[in-house]
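Hi everyone, thanks for making time. I'd like to walk you through one structure today, so have a look at it first and then we'll go through it piece by piece.

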Amino acid sequence: VTGVQTCALPILLTPAQDRTCTELLAIGGPRPYAPPGLVDELRAILATAEPATARWTERTLYLSKSALTSITNCEASFKDTRSRPWAGGKFLATAVGDTAHRAIQLAHTHPNRPVIDYVHHAIASLRGSDPKFEEYYAATDLATQSDLITASVSRVTSFLDSWPPLHPAWEARFEENIQAKVGKLILSARVDLILGRPRSTGQQSMLIADWKSGSLHDGHEDEAMFYALVATMRFGVPPYRSTVFSLASGEYTDPEVTPDRLRETAHRVVAGAT
């Protein structure tokens with residue numbers, strides 16, 4: 001993220017794009033350094049889940065953002081959901097999300113094309129690579145396919161109108177899978193966007209963003225900090241910022257990644273695992 005020193009990109013930015021570039025990405029702003037020993041401290045906190053994970057009958061206990069959120073909100077509901085077999089498959093909201101995310105990636109790698117082209121190429125790609133998506137799309141009628149296309153166009157347009165073009169120096173990675181293992185506990189996250197790369201100096205130089213099509217709620221801040229914790233344990237240095245960004249409103253969760261917020265999230269993970 002520090003590869004470009006200002007938001008003076010070689011194009012004119014919309015006010016919303018400039019706000020994202022200046023306030024959220026904070027291009028050219030200072031980057032903090034992680035305090036020595038932070039990762040070891042977080043690992044020690046996560047290790048306190050071992051009395052619980054020792055009773056786990058499988059080799060590892062896999063904990064994702066959705067599982068942690070679900071069990072934190074209601075343990076009984078979580079148990080009920082996991083006791084029933086999952087049928088899999090897609091429905092409109094998940095198909096729109098898959099399509100929009102793929103189309104946003106295409107807009108980054110192949111800029112200056114009509115948004116609907118990105119959406120159609122994204123759908124074609126998903127139909128060829130995701131059997132569940134193909135099964136869903138092939139079974140829907142023209143009206144539902146139209147809803148999928150128009151909703152995806154809306155979300156991609158919202159992103160392009162709200163975010164500046166991602167400069168090559170920012171090292172953008174889309175749909176990045178990251179995992180961290182502590183004992184039998186595996187923390188796993190799939191994040192929409194990572195900018196920047198970890199540095200050997202301990203400087204916090206990465207930014208993580210997850211996009212939501214609707215409005216934000218309190219739980220989204222917890223999600224963003226879970227992403228930050230997994231990235232910290234995976235790379236050995238925290239990201240500079242981690243946020244959930246609403247494509248509907250252009251607002252985003254508090255992005256600052258601090259040692260206290262990481263410690264709090266580690267304790268929440270231990271409670272969820274237990």
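Before we start, one bit of vocabulary: when I say helix or strand, I mean a DSSP run, at least four residues of H or I for a helix and at least two of E for a strand, numbered from the N terminus. Also keep in mind that this is a predicted model.

With that naming, let's go to a loop. E171 sits in the loop between α9 and β2, where β2 covers 173-182. This glutamate isn't a glycine, yet E171 has a positive phi of about 55 degrees. E171 is partly exposed, at 36% relative accessible area. There's another residue to show you here: N112, in the loop between α6 and α7. Phi of N112 is near 70 degrees, again positive in a residue other than glycine. N112 counts as exposed, with 78% relative accessibility.

Okay, on to the inside. Which residues have the most contacts inside the largest nonpolar core? They're L25, W163, L193 and W211, in a core of 36 residues. Elements giving two or more residues to this core include α1 (15-24), α9 (142-162) and β3 (185-195). And there's a second, separate core of 35 residues, with A49, L63, A180 and V244 among them.

Now the aromatics. Searching the whole structure turns up 6 aromatic pairs. Take F159 and W163: ring centres 5.7 Å apart, planes at 25 degrees, so that's a stacked pair. F159 is buried at 5% relative accessible area, and W163 is buried too, at 1%. Then look at F245 and Y252, where the centres are 6.2 Å apart and the planes are at 10 degrees, so that pair is stacked as well. F245 is buried, with 1% relative accessible area. If you add W211 to those four, you have one aromatic cluster: F159, W163, W211, F245 and Y252.

Last stop, a helix pair. How do α10 and α11 cross? Helix α10 is residues 218-235 and helix α11 is 259-273; their axes come within 9 Å and cross at roughly 95 degrees. Angles of 65 to 115 degrees count as roughly perpendicular, and α10 and α11 are therefore roughly perpendicular to each other. On the α10 side the contact includes M225, F226 and L229, and on the α11 side it includes L262, A266 and V269. By class, this contact has 7 nonpolar, 2 polar and 4 charged residues. The charged ones include E221 and D222 in α10, and R261 and R268 in α11.

That's my tour, happy to take questions.

Terms used: Residues numbered from 1 in each chain as written. Predicted model: local features only at pLDDT ≥ 70, side-chain atom pairs only at ≥ 80, totals over all residues. Heavy atoms only, no water. Axes fitted to C-alpha atoms, helices over the stretch in contact; angles between N-to-C directions. Parallel < 35°, antiparallel > 145°, perpendicular 65-115°, else oblique. Contact = heavy atoms within 4.5 Å. Core = buried A, V, L, I, M, F, W, Y, C linked by side-chain atoms within 4.5 Å. Buried < 20%, exposed > 50% of the residue type's maximum accessible area, 1.4 Å probe, protein only. Phe/Tyr/Trp six-rings, centres within 6.5 Å; stacked < 30°, edge-to-face > 60°.
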